[in-house]
Structures are given as structure tokens and as C-alpha cells.
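Colleague: Please take me closely through whatever closed space a search of this model brings up, and then through the charged pairs, one loop and one hairpin, so that I can follow them on the screen.

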Amino acid sequence: MKKNKYQTYIEVDKGLFLYYNSFSEKYLLLDESKHIIYQNYPLEYIRKNHIDLYNTLLHAQFIVPDELDEQAIVEYKKLSAKMDTTMYHIVVNVTLDCNLRCWYCYEKKIQNSKLYPNVIEAIESNISFQYNKTRFKTLKISFFGGEPFLNFEGIRTILSFANKFCETKGIVLLADFTTNATLIRQDYLEYLKNFICFFQITLDGDCKTHNKIKHIEGQDTFNRTIENIHSISNRIRKSYVWIRINYDGNTLDNIDNILPFLNDLDRKRTFLILRKIWQIDTENISSKQLLGAIQKILNNKFFVDCYALSRSSICFAERMSQVLINFDGKVFKCSTIGTFDDENSLGSLDFKTGEILWNLNKIAQITRVIKNERCNNCPLYPSCLGPCNKNLLKSPNRTCIIDEMNLSMRDYLMYNFKLNLQHENFNNISF
């Protein structure tokens with residue numbers, strides 16, 4: 001037997017040690033005596049003289065058979081996730097126009113753009129084509145932009161087709177929206193109330209800051225967004241809302257001015273995301289500010305994703321059973337690109353059959369297992385799985401996300417341990 005290579009520990013209190021095994025996603029708390037034994041004695045000695053400790057370590061896979069190749073297993077699971085076909089995921093750029101002009105937005109806007117009618121028909125054909133090919137069990141349609149609710153009729157047309165198709169085939173349908181929530185109307189929610197809906201909605205700080213960034217003359221966009229978050233929760237029974245707070249140091253310091261507006265929301269259906277505005281230098285955000293904001297959110301019983309360990313998930317764009325279709329029919333995978341043009345396109349859409357004709361030279365890069373020594377030797381790798389291939393190809397020595405958060409390993413593990421405790425208190429979401 002040997003120690004699993006993907007484990008680490010921190011001292012959380014005097015004489016108390018928190019161990020984390022990212023391979024098995026297990027935490028252990030060991031007192032000082034057990035910690036000393038585990039760190040300093042051979043495993044065979046522990047088996048013979050401390051059988052309870054040995055069995056605990058064995059059960060949580062902190063110790064594993066000598067022949068187990070942990071890294072190969074992790075890479076196999078990652079590749080399997082990329083090739084899985086049980087869910088088909090279509091991301092649709094309903095428009096590349098937006099009713100707002102947030103200063104940090106990375107996308108090139110195209111005014112008055114919206115889904116072409118023949119693209120909608122091709123998307124419908126694509127759903128049928130892909131089902132005949134893979135017999136997927138779940139269909140997830142993500143509406144993106146731009147601001148997708150600028151073209152709700154396009155959304156309605158696609159969802160109405162998908163709903164009938166999925167009912168006929170016994171497929172679970174998930175509707176997903178990335179939106180600023182200022183254009184959501186009650187009649188839209190009335191239509192969506194019978195769907196399983198996911199929303200990612202952005203807040204840019206407290207009322208004053210948010211209204212300055214998401215500025216519409218004569219409108220309080222902050223309170224409009226808050227009202228629509230509540231309307232979604234109240235009117236769509238199977239809705240799950242991720243509230244994304246884009247932060248700088250000022251936003252983190254004023255997190256108390258946001259949380260009271262969210263306190264009555266269901267913690268099992270409402271989650272918070274903290275993401276640093278990408279133009280803000282990491283050095284300008286102190287770990288004290290970030291950890292203070294995280295703790296305040298946790299104190300309010302919300303799950304908060306601040307680049308949390310992802311429980312062995314991969315970026316949606318790395319899944320082969322996924323496609324992004326632009327309003328004009330161009331085909332991509334990643335949504336975080338500045339320009340949806342021919343240069344960035346990864347293939348084409350056959351408007352007659354709905355088949356995606358991938359550029360094999362480009363698409364092959366997504367399935368590669370790219371070696372990254374820092375990630376391979378990191379004790380957190382099985383949970384984190386490292387940067388996506390697009391980012392690795394762009395920057396092979398890409399900085400670890402913990403560095404970008406300006407946190408120590410101890411602070412990061414403590415944050416994730418607290419999240420794990422919250423997971424244990426919540427029932428799993430089921431559809």
C-alpha cells in the first residue's frame with residue numbers, strides 16, 4: 001500500500017489537522033497524535049498498531065494499492081467527461097446586441113443582431129440530428145449573448161420545439177439563461193414557468209455601484225434586477241438562480257449592502273458566484289477583503305462559488321457533445337471570446353440537415369490531454385482539473401487560480417471545507 005499522491009493537509013487549530021484528498025473528495029480531521037503517526041510511521045506499522053486509523057485512511061482512499069496509477073485514472077475520468085454523450089448542450093447566441101454597455105465587457109457588440117429564421121430552423125434540425133446520432137438523455141439549451149431577452153421570440157420558438165421533441169422522446173429539457181435581468185417581463189416568466197430553468201444574473205455591487213455600471217437613464221437597474229430575481233424564484237417552481245457578483249475591492253468591502261436584498265431567497269435554489277473583474281489586478285484585491293466577503297456570504301447560509309473546487313467537472317466547452325451556435329449560424333464552443341467571426345469559428349452548420357461540420361484540426365485540440373507539470377503535481381488536481389485546453393494552449397505556464405485569487409493554500413482549503421459542510425446540509429438538487 002502507498003499514500004495517495006493527491007492529498008494535502010493544513011493545521012486548522014493547535015493540534016488539529018484538516019486533510020483533503022482530492023482524488024476521493026474526502027476530508028479528514030486528525031488530532032496531533034494521529035497526524036504524527038500518519039506522517040512519520042510506515043503504513044504497515046499503522047495497520048498493525050493503529051487499525052482504526054488505518055481503516056479510516058483506507059476507506060477515504062488516503063492510502064491505496066501500490067499498483068494504482070492515480071494520475072492515469074484522473075486523466076481517464078477527464079477524457080470520459082469530455083466524450084460523454086448523455087447530455088447534449090447547445091449554447092445559442094440569441095443576439096450580440098445588449099441594452100447595457102458595461103465597461104468591463106469583453107464582447108464586440110453587433111447592434112440589432114438577432115437569430116436568423118433559417119438558423120432557428122437549423123438548430124431544430126440539429127437537435128433531431130444529434131439525437132439520432134447519440135440518443136442523449138438530457139438536452140440543455142443555454143441562451144447567451146449579448147442580452148438574450150432582447151429576442152425572447154427567438155427563445156420561445158426554440159424552446160417550444162425542444163419541449164415537444166423532448167416530451168416525445170422522454171428527454172429531460174433544461175433551459176439556461178445568462179442575463180442582466182433588466183428586460184425580463186412577467187409574460188416571459190409565465191411562459192417559462194413549466195420549464196426547468198437556470199439563470200446566471202449579474203450584480204455589479206451595491207445599488208449605487210450597480211446603477212453606475214449598468215446605467216439606463218431614468219431607471220434603477222439594481223432594484224429592477226432584484227425584483228426579477230424574486231419573480232423568477234416565485235413564479236418558476238423549478239428555477240435555480242446563480243447571482244454573479246463581479247467584484248473589485250470596493251464591492252467586496254460593501255457586500256453587506258447587497259446581502260439584505262437576497263435574504264428571503266431559497267438557499268437550495270439561489271447561489272452566489274464571486275468573480276473578479278478581469279481588468280482588475282490581483283494585487284489590488286487583498287485576501288482579507290475576499291475572505292471577509294466569502295465569510296459574510298457563508299454566514300448568510302448561501303453557497304458561494306469563488307472558483308470553488310469543482311467536484312471533478314470540466315468546462316462545458318470542452319465537452320464534445322456541446323456546441324455554440326451564433327445568431328448568424330457560425331459555430332463555436334467557448335462563449336468567452338471577444339469576436340464570433342470566421343477566424344474563431346470551429347466549423348459550420350449544415351442548414352439543411354442540422355449537422356455540425358467541425359474543423360477537425362481545430363476541434364482536435366479540445367480532446368487532447370495537455371501536460372502541465374504544475375497541475376499534474378498539485379494535490380488538488382483531481383478536483384480542479386486545471387485550466388481548459390484553450391487557455392493552456394494560449395499560456396502553457398498559466399497561473400494557478402489560487403494565485404489569481406491571492407489566497408494561500410490554507411485559506412483556499414478552509415473555504416472549500418466550509419462549502420463541503422454546506423453541501424452536507426443541503427439535499428442534492430434532482431429533476
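Modeller: A cavity here is a set of grid points where a 1.4 Å probe fits but cannot get out, and its volume is the space filled by probe spheres set on those points. Please bear in mind that this is a predicted model. With that meaning of the word, a search of the whole structure gives 1 cavity of 30 Å³ or more, and the volume of the largest cavity is about 100 Å³. Its lining is made up of 17 residues, and those that lie nearest the centre are Lys 78, Val 369, Ile 370, Tyr 381 and Asn 389. Three helices, α4 (70-83), α13 (373-376) and α15 (389-394), each contribute at least two residues to that lining, with α4 giving the largest share, 3 residues. By residue class, the lining of the largest cavity divides into 8 nonpolar, 5 polar and 4 charged.

Turning to the charged pairs, side chains of opposite charge can pair when their charged atoms come close. The model has 16 salt bridges by the rule used here, a side-chain nitrogen of Lys or Arg within 4 Å of a carboxyl oxygen of Asp or Glu. One of them joins Asp 305 to Arg 275, with 3.3 Å from N to O. Because Asp 305 belongs to strand β12 (residues 304-305) and Arg 275 to strand β11 (residues 270-276), this pair ties together parts that are 30 residues apart in sequence. Both partners fall under the 20% limit for burial, since Asp 305 has a relative accessible area of 19% and Arg 275 one of 14%.

The salt bridge between Arg 156 and Glu 153, whose closest N and O atoms are 3.4 Å apart, is set within a single helix. Arg 156 and Glu 153 are 3 residues apart in helix α6 (residues 152-169), and therefore about one helical turn separates them. Here Arg 156 is partly exposed at 24% relative accessible area, and Glu 153 is likewise partly exposed, at 47%.

In the salt bridge of Asp 97 with Arg 101, the closest N and O atoms are 3.4 Å apart. Its two ends fall into separate classes, for Asp 97 is buried at 11% relative accessibility, whereas Arg 101 is exposed at 51%. Salt bridges also link Glu 44, Arg 47 and Lys 48 into a network.

For the loop, I would take Gly 338, which sits between β14 (331-332) and β15 (347-349) and is partly exposed, with 29% relative accessibility. Once its neighbours within four places in sequence are set aside, Gly 338 is in contact with Tyr 106, Glu 107 and Lys 108. From Gly 338 to Ile 402, by contrast, there are 64 residues in sequence and 25 Å in space, taken from C-alpha to C-alpha.

The hairpin can be followed in strands β3 (residues 16-21) and β4 (residues 26-31), which run antiparallel and are joined by 6 bridges. Leu 16 is placed opposite Asp 31, a residue of β4. Between the two strands of this hairpin there are 4 residues, and Glu 25 adopts a positive phi near 55°.

Methods
Residues numbered from 1 in each chain as written. Predicted model: local features only at pLDDT ≥ 70, side-chain atom pairs only at ≥ 80, totals over all residues. Heavy atoms only, no water. Buried < 20%, exposed > 50% of the residue type's maximum accessible area, 1.4 Å probe, protein only. Contact = heavy atoms within 4.5 Å. 1 Å grid on protein atoms, 1.4 Å probe; cavity = no way out; pocket = protein on both sides within 12 Å on 5 of 7 lines; lining within 4 Å. Nonpolar A, V, L, I, M, F, W, Y, C, P; charged D, E, K, R; others polar. Pairing = 2+ DSSP bridges.
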